Amino acid sequence: MDSPGNEPDPRFTLANERTFLTWLSTSLALSAGGVAMAAVSEDVFVPWMRTVLALTLVCLSALSAAMAYPRWRRVQRALRSATPLPPPAIAPLLGYGVATVAVLAMILILLGR
């Protein structure tokens, strides 16, 4: 990476890389959850709600993947310049999004019994 500043300790660079890969793993898991939700049989959830939940998960997946590299770059730049690390801007959206999907799915499961 061609950035001004000092080369950070390799442990921090590698930790930043692991975090980047974790964001991508999260993206893959969200995508798999969205595909699984779309494949749920029609007698479990009403079709429109199943589609909304699946699309929400897949959109969160795309957002997570799209934000992973810019986040890695911002953190790497902060490490090189010895400035505070930027907060993960997408974390609240992912957290609340997944929680919303989980609560809605739980309600639908309970109503379906």
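**Notebook: helix packing**

I started with the first pair: α1 and α2 pack with their axes 7 Å apart, at an angle of about 170 degrees. That angle makes α1 roughly antiparallel to α2, since angles over 145 degrees count that way. I then sorted the residues of this contact by class. The contact of α1 with α2 has 18 nonpolar, 10 polar and 3 charged residues. I note that the model is a predicted one.

**α2 by itself**

I checked the length of α2 next. The helix covers residues 47-81, 35 residues in total. At 1.5 Å a residue it should span 51 Å, and I find its end C-alpha atoms 51 Å apart, which agrees. Where does α2 bend? I find the bend at Ala 68, by about 30 degrees. A proline, Pro 70, follows within four residues. I also looked just past the end of the helix. There, Ala 82 takes a positive phi of about 55 degrees.

**α2 with α3**

I moved on to α3. The axes of α2 and α3 come within 10 Å and cross at roughly 160 degrees. α2 is therefore roughly antiparallel to α3. I logged the crossing of α2 and α3 as left-handed.

I listed the residues that meet:
- From α2: Met 49, Leu 53, Thr 56, Leu 57, Leu 60, Leu 63 and Ser 64.
- From α3: Leu 93, Leu 94, Gly 97, Val 98, Val 101, Leu 104, Ala 105 and Leu 108.

By class, I get 12 nonpolar, 3 polar and no charged residues for the contact of α2 with α3.

**α1 with α3**

One pair was left to look up. Helix α1 spans residues 10-39 and helix α3 spans residues 91-111. Their axes come within 13 Å and cross at roughly 25 degrees. α1 and α3 are therefore roughly parallel to each other, as angles under 35 degrees count as such. I logged this crossing, of α1 and α3, as left-handed.

Which residues make the contact? From α1 I have Trp 23, Leu 30 and Met 37. From α3 I have Ala 91, Leu 94, Val 98 and Ala 105. The residues of the contact of α1 with α3 divide into 7 nonpolar, no polar and no charged.

I went back over the α3 residues in both lists. Leu 94, Val 98 and Ala 105 appear in the contact with α1 and in the contact with α2.

How values were computed
Residues are numbered from 1 along each chain as its sequence is written. This is a predicted model: local features need pLDDT of at least 70, side-chain atom pairs count only at pLDDT 80 or more; totals for chains, interfaces and linings use all residues. Side-chain values use heavy atoms; hydrogens and water are left out. Axes are lines fitted to C-alpha atoms, for helices over the stretch in contact, and angles run from 0 to 180 degrees between N-to-C directions. Helices (H or I, at least four residues) and strands (E, at least two) are DSSP runs, numbered from the N terminus. Angles under 35 degrees count as roughly parallel, over 145 as roughly antiparallel, 65 to 115 as roughly perpendicular and the rest as oblique. A crossing is left-handed if the near helix is turned anticlockwise from the far one by less than a right angle, and right-handed if clockwise. Contact means heavy atoms within 4.5 Å. Ala, Val, Leu, Ile, Met, Phe, Trp, Tyr, Cys and Pro count as nonpolar, Asp, Glu, Lys and Arg as charged, and the others, Gly among them, as polar. The expected span of a helix is 1.5 Å times one less than its number of residues. The bend at a residue is the angle between axes fitted to the seven residues ending there and the seven starting there.
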